[in-house]
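I sat down with this one and a cup of coffee to see what could be read from the coordinates. Here are my notes, in the order I made them.

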Amino acid sequence: MNEKKSSASAWKSIQIGLAVLLGLFVYAYGFDVTKVNLEELRSERRQESLTRVTRTLAQPDIIGYEQQQAIVTMPLYVPCPAGGLLSTLPEADTSGAYLTISPACAAPGETVQVEGFNFPNNITGPIRFIPGNDPLNVVELGRESITTDSDGHFSASFLIPDRISDAPQFIRVTISESVGKPYFTQNAKDTWDKIIETVFMALLATTAGTILAFPISFLAARNLMKSVRSPLTSVSLSVLGWPIGMGLGYFVVNQVGKFTIPLSENIVVSLLSVIATPFIFWFAIRWALPQEEIKVPTLSVRLTRLLVIFIAILVAFFGFFQLAGLTTSISLGIEKALGSLGFLATFLFQVSDILRITTPALGALAAGGALASFLGRIGQRTAEKSPAARVKTINFIVASLAGATIFGLSGWLVEWLYQVGRVEYTFWGPIIVGAGLGLLLAFLTKPKATLPTGMVVYSITRTILNALRSVEALVMAIVFVIAVGIGPFAGMMALGLHTIVSLAKLYSEQVESIMPGPLEAITATGANRLQTIIYAVIPQIIPPYISYTMYRWDINVRMSTIIGFVGGGGIGFLLQQNINLLNYRAASTQMLAIAIVVASMDYISSVLREKYV
Amino acid sequence: MLQVKNLTKIYDGGVKALDNVSFEVPKGQFLAVIGLSGSGKSTLLRCINRLIDPTEGQILWDGEDITAASPEEMRNIRRKIGMVFQHFNLVHRSKVITNVLAGRLGYVNPAWSFLNRFPKEDIEKAIKQLERVGIADKADQRADELSGGQQQRVGIARALMQDPNMILADEPVASLDPVLAHSIMKHLEEINKKDGVTVLCSLHFLDLVHRYADRVIALNQGQLVFEGYPRDINDKKFKDIYGRDAERVG
């Protein structure tokens, strides 16, 4: 017994020892890989440049003064002429600031003593050796500087560089005095412009991301999706409904657009339509969707309602196009009149452009969704009400069609991406494989059994979210720079996309952690899935959603400061440029601006969070 | 008339929560369901409105087969069955009136729920139900600002909004003190007697069963071990229902 115990403890000691050894090994390798080396830090050269850069960084280039510059030069010979000093060296003018050099000539590598008199008091300026015999030559050597005392006098030793000339060369002292009122430097102004751009880039990215992440988060919530199951008939018909519906929707809405565009040139017509369409839409919908019905309506009433809704939606799209046309006309008309507020007109124009581009897409999505859910419902009814054998036959047909559709579309995507150019591989092959898989699925599933459609959608959504989330916004920005050009728009798109995927994940985890009780209670009243989400889920998730959105805004502000490194606009562009130009004083200004913005964002968001959550 | 025939529920883990349970409830009866915690009371009640899908068996309600109903038919069945919960299951951050109006969701057109709109008659009706349970003055407060007894009244008002023919009450008073328990039970009794609504109510305390129930069924480990009138529960039956070690107090 005792022996067993001691052997166990010995084994434990060995384990600990091995763990320590392993740790040692891991960290030793880590040191090697990351090239940890303090030797470099100790070298004088490094320390000197570090000090210099740090000191420069500590003096951000924000405020400038008008500079009054005085240049004082004194000639000297390098090396001393063979025949002794000639008297051609002029005497210094001692009425103003002047220099003396002793000795008046020296060989390269020797040190001369330079003294200055009558300079302004307590001022620092560079002292340089000017090669060639032009005292205003821009080439200068040396990096020392002098500081005058309270009498305007300084004395410094100066090392003569290796420049030999028969003609006299010069020692030059430049002093600048600040005069007049301080003003913001060009760098400070640029920084201001760019930091504003940065903050708004973050704002737009967060807004767009939040709006799109909201619906996606429900698809990625396990507790909501797990109970969604439907029979194969319904799933297959929905799959068929999406592409057909989207195609039809796109076509119809585009037709509406074509019909509308000539009309929208007349401002009166478009104004009237924009006013009238909401009313028509509202009354049609009010009539077609009664708020409460105890009795089930007859088939003809239902069909009429469906038709009215369809027409109402067409009218709504007509209204959208007219609105786009109207805003374009208005924005073009008022741009001149607005003057400095012209950006409002540009905003209107861009909004109308967004409206015009998104309306057909919206129509396609709406029609796709509507047709898919309609066909899905028919499938559901068929699977429930028809005899099993008939359902089985229907399943064979629709499942093979659905499989062919999915694979055919994937094949088309492959063709588009890789340009294979061989129809049998990218079209007929996938279609046959898809149809075969569909048949197999229909063969394997019992006709009335339900498939876990919810979990399939959940898994696909999660996979896409995780894949996209692992791509840094910086990398996305590179892609968007190619798509929309260098500038803040690309950065905004990249940040927006990253916001969508990361917020959708955070949101969906919130949905997963809601209290199940209210969900159960609302379901028990006979509410359908949509109503359950609106009345039981959304009230519970509002506070964490607000909190996460603010947190994300915070992150976006921080991210947008560096997204400019890859051309995504914002302050990062300036920062990188100044660092590359070794313009550390300017870079320091941008760093300061970033620090201030990030810190204040942090403060504001914490205050808001406390207040509203 | 509610008929439960050979109802069996086996959960995914293999736990048999209900084992071949059959009984009938005539229209307008107040039926108490008793049994230990974990004996299958909650599962039984949730099988009746299909919050839980039974593994086997059939539930007929006025001749309609609940177990075979499609999702759309289920909506129409559920809206006539009110449910009251032990933990009230109100949406805490919503107003009391919204919680009550939620009882109407089975009737209103789902499209209008997007806009959070209810017909005017429903809003008036909700106020009336709140008056009936005595908390009309709380209508605009948030649900979590109410005390436990008040929250359960909101739960009852929500069930009443459904114009129910049957109410399933899952231990409605287990989280409340005895005085509140009686006041809540009185509301259920009034709904049962005045409106003729069938009530299935799971209860822990036998004195409540004696006071309010017309008839009792008892479950033990998923099996029906007693069916009869409250007065028929003698000491032997008591031990059958609650186990050998149980002692009767009060």
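These entries cover the contact between the two chains and then a sheet in one of them.

**Entry 1: the contact.** I reminded myself that this is a predicted model. I looked up who takes part in the contact, and found 33 residues from chain A and 41 residues from chain B. I then checked the area: about 3,200 Å² is buried between chain A and chain B, with 57% of it on carbon and sulfur atoms.

**Entry 2: charges and polar pairs.** I searched the interface of chain A and chain B for salt bridges, and the rule gave two. I zoomed in on one of them, where A:E520 meets B:R46 with the closest N and O atoms 2.3 Å apart. For polar contact, I found ten residue pairs across the interface, both residues at pLDDT 80 or more.

**Entry 3: chain A's side.** Which helices of chain A each supply at least two residues to the side that touches chain B? I noted helix 7 (267-288), helix 9 (342-385), helix 15 (516-524) and helix 16 (529-562). I also sorted this side of chain A by class and got 17 nonpolar, eight polar and eight charged residues.

**Entry 4: a sheet in chain A.** I moved on to an open sheet of three strands, ordered 2-3-6, with antiparallel pairing. Strand 2 (98-102) and strand 6 (154-159) are its edge strands, each pairing on one side only. Ignoring direction, I get an average turn of 25 degrees between neighbouring strands of this sheet.

**Entry 5: one pairing up close.** Strand 3 (residues 111-117) of chain A runs antiparallel to strand 6 of chain A, and I read off six bridges joining them. I also found A:V112 standing opposite A:F158, which is in strand 6.

Conventions. Residues are numbered from 1 along each chain as its sequence is written. Chains are lettered from A and ligands numbered from 1 in the order in which they are written. This is a predicted model: local features need pLDDT of at least 70, side-chain atom pairs count only at pLDDT 80 or more; totals for chains, interfaces and linings use all residues. Side-chain values use heavy atoms; hydrogens and water are left out. Contact means heavy atoms within 4.5 Å. Buried area is the accessible area (1.4 Å probe) that two parts lose on being put together, summed over both. A salt bridge is a side-chain nitrogen of Lys or Arg within 4 Å of a carboxyl oxygen of Asp or Glu. A polar contact is a pair of N or O atoms within 3.5 Å; within protein, one must be able to donate a hydrogen and the other to accept it, and residues adjacent in sequence count only if both atoms are side-chain atoms. Helices (H or I, at least four residues) and strands (E, at least two) are DSSP runs, numbered from the N terminus. Ala, Val, Leu, Ile, Met, Phe, Trp, Tyr, Cys and Pro count as nonpolar, Asp, Glu, Lys and Arg as charged, and the others, Gly among them, as polar. Two strands pair if DSSP finds at least two bridges between them. Axes are lines fitted to C-alpha atoms, for helices over the stretch in contact, and angles run from 0 to 180 degrees between N-to-C directions.
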